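Q: Could you take a close look at one part of this model for me? I'd like to hear about a single strand and its neighbours, and then about the aromatic contacts.

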Amino acid sequence: MSYRIAVRELCEFTAKCGDLDLRFVPSPTAQEGIAGHATVTARRGPAYEREVTLEGEYGVLRVRGRADGYDAVANRLEEIKTYRGDLARQPANHRSLHWAQARIYGWLLCKARGLSQIELALVYFDIVSQKETVLVETQRADELRRFFQTHCERFLAWAEQELTHVGHRDAALRALAFPFADFRMGQRELAEAVYKAACTGTQLLAQAPTGIGKTLATLFPQLKAMPGQQLDKVFFLAAKTPGRGLALEALERLRNAGATPLRTLELIAREKSCEHPDKACHGDSCPLAAGFYDRLPAARAAAVARQRLDRASVRELALAHAVCPYFLTQELSRWADVVVGDYSYYFDTTALLHGLTQANGWRVCLLVDEAHNLLERGRGMYSAALDQRRFQALKQEAPAVLKKPLERLLRAWAEVHREQVVAYRVLPDLPTRLIGALQQLVGAINDHLAEQPEGLDSDWRTAYFDAMQFCRIAETFDTHSLIDCTLQPARTGRRPTSRLCLRNVVPGPFLAPRFAAARSAVLFSATLSPRGFYADTLGLNRGHWLEVRSPFQAEQLDVRVARHVSTRYADRERSVEPIVDLIAGQYQRRPGNYLAFFSSFDYLLQVQTRLAERHPHLPHWTQTRSMDEAAREAFLACFHAAGEGIGFAVLGGAFAEGIDLPGDRLIGAFVATLGLPQVNPVNEQLRDRLESLFGAGYDYAYLYPGLQKVVQAAGRVIRTPDDRGVVHLIDDRFAQPRVRRLLPGWWRIDMHTEPG
């Protein structure tokens with residue numbers, strides 16, 4: 001059995017030493033990097049070979065990669081690196097890593113072509129000045145062979161350990177049995193479909209009811225397929241913390257059932273794992289960055305021996321070895337079998353897991369939990385916004401070298417909305433002059449940071465990151481997105497300012513290549529209907545479809561439509577009294593725990609206030625804006641088995657999906673809205689664009705997203721085969737046939753109008 005490793009990954013493991021240092025990080029975007037490589041190679045002669053595929057072996061190691069370029073006439077191999085800023089400030093450990101890559105490629109080329117010596121060149125290309133800095137050395141083949149062998153020897157023991165681990169892991173997974181005596185109804189059907197997708201390398205959209213155990217029904221078959229399909233990794237991706245928590249619980253249950261060798265890793269956002277948020281990421285500032293790569297091997301070895309690597313255990317290990325927990329977690333992504341994290345780690349523009357998959361040629365499978373959330377999250381990942389006021393405010397404290405680029409940007413910005421008379425409009429195309437000025441400002445900031453690493457305050461840093469994201473998204477602008485300009489009220493004596501937004505409408509063109517990079521992808525949720533809507537918007541038109549039959553009976557859930565109430569915006573005030581009557585009447589008939597969902601906090605507070613006035617002895621508790629984790633836990637703690645009262649929450653918020661309140665912890669829900677997005681100029685533009693792309697603008701922009709939230713909220717009530725409950729759908733539009741067709745088929749809906 002051989003161990004495959006990319007040249008870059010081998011060098012990352014064996015040649016990195018010293019401090020973690022983010023002061024000099026080549027920051028061109030991916031498109032700029034590609035363009036920079038193309039510029040350099042286009043300057044070479046006609047005999048120049050680009051992207052030279054190379055491979056070599058040492059013991060069980062199989063090392064492979066693609067050298068950037070080779071000039072056979074000059075016998076020179078080039079390793080090209082794009083960058084911004086002052087190259088003289090590049091840390092020595094960055095340079096040594098680049099030389100290590102060049103020398104490994106040099107030996108592989110000498111071996112492949114029978115060369116006795118070769119000239120190696122590091123070509124540093126400044127994407128701003130378009131100038132090359134070339135560092136050259138000549139090496140004999142025997143010297144390069146010894147260099148290659150030395151680095152392979154450093155990695156060999158680790159490779160042999162990893163091969164042993166994979167062998168033990170695969171043997172355990174082959175023997176793994178389902179951790180319960182039997183599957184729940186619908187659970188086996190889902191598990192079989194996931195296993196088939198993993199074995200055939202296909203994409204699957206699976207709609208399965210809440211409460212059947214989707215997390216375990218997807219993880220178990222995926223792990224069972226791992227040995228036979230020679231999978232390297234499984235990525236379990238979720239939109240919210242509860243989904244990741246359920247995945248970690250299911251993995252622990254599977255480990256206890258026999259998957260003992262399985263390494264599982266929880267990815268945590270940087271802001272949640274940083275131990276020194278007041279310090280910069282380099283050895284002169286942060287003690288956990290100083291000597292990071294010198295202490296990393298011991299921390300890494302200790303971590304993989306633990307196997308369960310959740311947030312707490314990684315932090316404990318990191319602090320014991322005096323390394324940064326966040327960057328230790330990133331390193332451990334390379335060695336874990338199952339990685340649990342947010343959608344962004346695979347789907348974002350600079351996603352860690354996707355980048356590692358591409359660089360290492362991993363065979364991975366994706367499990368995308370609560371996949372209905374991927375539409376809005378995907379739109380957010382491929383959108384960007386800029387506020388002119390933020391950039392105007394920077395003029396007061398702008399460093400001298402940034403004043404002119406900033407003024408140039410503001411002049412170009414003023415031209416964008418100079419003739420605009422309406423508050424909101426969609427621009428016909430990208431404002432090229434503004435984009436150019438923005439790119440120049442980003443370049444100037446990069447140059448400034450190279451000279452003054454600590455030289456930007458928080459306002460400048462925020463503007464800098466916003467500008468980089470805007471430039472990055474602008475490079476991909478097409479019919480899947482639109483750019484709009486919103487005027488902001490002018491302050492006294494000043495001209496109007498504006499806010500620009502590059503707004504993604506359909507993330508499918510961005511997501512589809514990410515799905516294609518995986519061996520298989522399974523997207524599952526209780527609400528993925530209609531199929532065409534999610535297939536179109538998520539880029540899964542070639543995916544298979546599965547709708548799992550509900551294990552629940554119609555008798556378990558009493559669904560009532562309050563046709564006498566309209567929750568339309570114009571009718572909100574009139575709706576408050578009948579909603580209060582309905583809630584109080586239901587509670588009087590059957591006291592217990594209920595959730596009441598509303599379309600906004602304002603609407604929620606109107607009903608909650610009136611309920612408190614008319615029924616002061618009826619217990620209730622309320623979701624508030626920006627609740628932290630402790631506050632959310634306190635809200636949920638009110639739903640205990642012996643409790644009684646009404647929890648007021650916002651539809652689509654933290655308590656409308658992903659929470660599990662079985663039995664008497666929740667016996668009913670009131671949904672006082674269809675969940676339709678607000679009608680406003682932005683959503684109307686989304687509707688128009690979706691109409692032009694798919695011919696179903698209203699349904700795609702309003703109806704389907706709204707009812708998805710309704711079904712998710714109602715799904716909190718019935719969680720087990722023994723649960724009984726009631727759901728009140730409060731709005732006359734729920735009686736419309738086209739709306740009812742989008743509700744779960746197992747519901748038996750009572751159209752009786754109930755006044756209270």
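A: Here is a walk along one strand and its partners, followed by the aromatic contacts. Keep in mind that this is a predicted model.

Let's start with strand E5, residues 117-126. Of its 10 residues, 8 are buried, so E5 is largely enclosed by the rest of the structure. On one side you'll find strand E4 (residues 76-83), which pairs with E5 in the parallel sense over 8 bridges. The connection between them goes through helix H3 (residues 92-113): E4, H3 and E5 make a right-handed β-α-β unit.

E5 also pairs with strand E6 (residues 132-140), this time in the antiparallel sense, over 9 bridges. E5 and E6 form a hairpin, with 5 residues between them. Have a look at glutamine 130 in that turn, as its phi is positive, at about 65°.

A handy landmark here is tyrosine 124 in E5, which stands opposite lysine 81. In E6, the bridge partner of tyrosine 124 is threonine 133. As you step along, remember that side chains in a regular strand alternate between the two faces of the sheet.

Now for the aromatics: the structure holds 34 aromatic pairs. Take phenylalanine 178 and phenylalanine 183, whose ring centres are 3.9 Å apart with the planes at 20°; planes under 30 degrees apart count as stacked, so this pair is stacked. Phenylalanine 178 counts as buried because its relative accessibility is 13%, and phenylalanine 183 is buried too, with a relative accessible area of 18%.

Phenylalanine 178 has another ring to meet, that of phenylalanine 220: the centres are 5.3 Å apart and the planes sit at 75°, so this pair is edge-to-face. Phenylalanine 178 lies in the loop between helix H4 (141-175) and helix H5 (187-200), while phenylalanine 220 is in helix H6 (residues 214-225), so the pair ties together parts that are 42 residues apart in sequence. Both phenylalanine 178 and phenylalanine 220 are buried.

There's also an aromatic cluster, made up of Tyr3, Phe13, Phe155, Trp158 and Trp335. One of its members, tryptophan 158, has arginine 300 lying over its face, at 5.5 Å from the ring centre. A charge turns up over tryptophan 362 as well: the charged end of lysine 233 sits over that ring, 4.8 Å from its centre.

Conventions
Residues are numbered from 1 along each chain as its sequence is written. This is a predicted model: local features need pLDDT of at least 70, side-chain atom pairs count only at pLDDT 80 or more; totals for chains, interfaces and linings use all residues. Side-chain values use heavy atoms; hydrogens and water are left out. Buried means under 20% relative accessible area, exposed over 50%, partly exposed in between (1.4 Å probe, protein chains only). Helices (H or I, at least four residues) and strands (E, at least two) are DSSP runs, numbered from the N terminus. Two strands pair if DSSP finds at least two bridges between them. A crossover is right-handed if, with the strands pointing away from the viewer, the path from the first strand over the helix to the second runs clockwise. Rings of Phe, Tyr and Trp (its six-membered ring) pair if their centres lie within 6.5 Å; planes under 30 degrees apart count as stacked, over 60 as edge-to-face and the rest as tilted. A charge sits over a ring if NZ of Lys or CZ of Arg is within 6 Å of the ring centre and within 35 degrees of the ring normal.
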